[in-house]
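I opened this notebook to keep a record of what I looked up in the structure. The entries follow the order in which I took up each topic.

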Amino acid sequence: MEKMTIPRFQALKGKGDKIISLTAYDWNMASILDGLGVDLILVGDSAGMVCAGHENTLPVTMDQMIYHTQCVSRGVRSALVIADMPFLSYQTGPADALFNAGRFLKEAGADGVKIEGGRAVAGTVRQMVEAGIPVMGHLGLTPQSVRIFGGYGVRCGSPAEAARLKADAKTLEEAGVFSMVLEKIPADLAHEVTDSVSIPTIGIGAGPHCDGQILVTHDLLGLFESFKPKFARQYTNLGKIIRKAVTAYIKDVKSGNFPSQEESF
Ligand code: KIV
């Protein structure tokens, strides 16, 4: 499969085919996803929760994200690899943002980066794009603002907040983001935003009208058991399958059934 580029990704908008995005944090999962026709693999800072066991994404560091992105890049031939910039790696100003985003492209093989926020980061986005760094936006429930929001509830319930998000989407588009994630907002609002911008919108808990969808792969596979968001459809229960397999292994070792003669030298 041909390597996905930013222009090819953007051209998917309006083609009628939904854009497929998933998260990955390591080589193994990235290689599996890449062979299946996933358009964009996000090395999400959700790694802090699903891989490291933190209760939110705030403790994630640049060096940890660089490591995860390096692992993912090694497993990907065709999908676009986008690295999530962790908390305080870009909010402190354009110079920090440029330096840190540059590391993802120079050291980790990413095709671009994702940052959270609207008008507050628009100036920074402009400078990053002018420097040659593709940037994906992220509006709605932006998890790095969990302390301000007080939790992970649906965003933009009020007309004022919805109007602000619509304006932020246009501001980000003008600043040069190549695409944006819309997280946990009403479906009608995501529909309106999707129709109002010329770049692809990727929804997570934002209804069916976005140009594409993204899920945390561990949620889809039933591997993350701390909580289950309503929007995360679970396609299998790997947690249960792993428990069954490991229980069988324990039983076989204890009973002397493993290893067998064929498995011995
Ligand atoms: O960190 C992440 O995995 C994300 C997606 C849920 C969009 O930001």
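**Entry 1. Helix α6.** I began with Thr 124, which I located in helix α6, spanning residues 119–130. The model is a predicted one, and I read every value below with that in mind. I asked whether Thr 124 counts as buried or exposed. At 9% relative accessibility, Thr 124 is classed as buried, since the cut-off for that class is under 20%. Setting aside residues up to four places away in sequence, I found Thr 124 touching Gly 93, Pro 94 and Ala 97.

I then turned to Gln 127, which is also placed in helix α6. Gln 127 has a relative accessibility of 39% and therefore counts as partly exposed. Beyond its neighbours within four places in sequence, Gln 127 is in contact with Pro 94 and Leu 98. I noted Pro 94 among the contacts of Thr 124 and again among those of Gln 127. I also looked up the separation between Gln 127 and Lys 18: their C-alpha atoms are 30 Å apart, with the two positions 109 residues apart along the chain.

**Entry 2. Aromatic pairs.** I next asked how many aromatic pairs the structure holds. The count is four. For Phe 9 and Phe 178, I recorded ring centres 5.9 Å apart and planes at 75 degrees, so this pair is edge-to-face; the angle required for that class is over 60 degrees. Phe 9 belongs to helix α1 (residues 6–11), whereas Phe 178 lies in the loop between α8 (159–175) and β6 (179–183); the pair therefore ties together parts 169 residues apart in sequence. Both rings belong to buried residues: Phe 9 has a relative accessible area of 0%, and Phe 178 has one of 4%.

The rings of Phe 224 and Phe 227 form an edge-to-face pair as well, because their planes are at 80 degrees, with the centres 5.6 Å apart. Phe 224 is buried at a relative accessible area of 15%, while Phe 227 is partly exposed at 41%. I noted further that ring pairs join Tyr 152, Phe 224 and Phe 227 into a cluster.

I also checked for a charge over a ring. The charged end of Arg 155 sits over the ring of Phe 149, 3.8 Å from its centre.

**Entry 3. Asn 56.** I asked where Asn 56 is placed. Asn 56 is in the loop between α3 (47–50) and α4 (62–75). Its relative accessible area is 5%, so Asn 56 is buried. A polar atom of the Asn 56 side chain lies 3.0 Å from the backbone nitrogen of Leu 58. Apart from neighbours within four places in sequence, Asn 56 is in contact with Met 49, Val 146, Arg 147 and Tyr 152. Tyr 152 is a member of the ring cluster recorded above.

**Entry 4. The ligand.** Finally, I asked which residues are around the ligand. They are Thr 23, Leu 42, Gly 44, Asp 45, Ser 46, Asp 84, Lys 114, His 138, Ile 204 and Val 216. I looked up the distances from ligand oxygen atoms to side-chain N or O atoms for three of these residues, as listed here.

- For Asp 45, the distance is 3.0 Å.
- For Ser 46, the distance is 2.5 Å.
- For Lys 114, the distance is 3.1 Å.

Taken alone, the ligand exposes 260 Å², of which the protein buries 95%.

Technical notes
Residues numbered from 1 in each chain as written. Predicted model: local features only at pLDDT ≥ 70, side-chain atom pairs only at ≥ 80, totals over all residues. Heavy atoms only, no water. Phe/Tyr/Trp six-rings, centres within 6.5 Å; stacked < 30°, edge-to-face > 60°. Helix = DSSP H or I, 4+ residues; strand = E, 2+ residues; numbered from the N terminus. Buried < 20%, exposed > 50% of the residue type's maximum accessible area, 1.4 Å probe, protein only. Lys NZ or Arg CZ within 6 Å of the ring centre and 35° of its normal. Polar contact = N/O pair within 3.5 Å; in protein donor to acceptor, adjacent residues only side chain to side chain. Contact = heavy atoms within 4.5 Å. Near = heavy atom within 4 Å. Areas by Shrake-Rupley, 256 points an atom, 1.4 Å probe, with all protein chains shown as cover.
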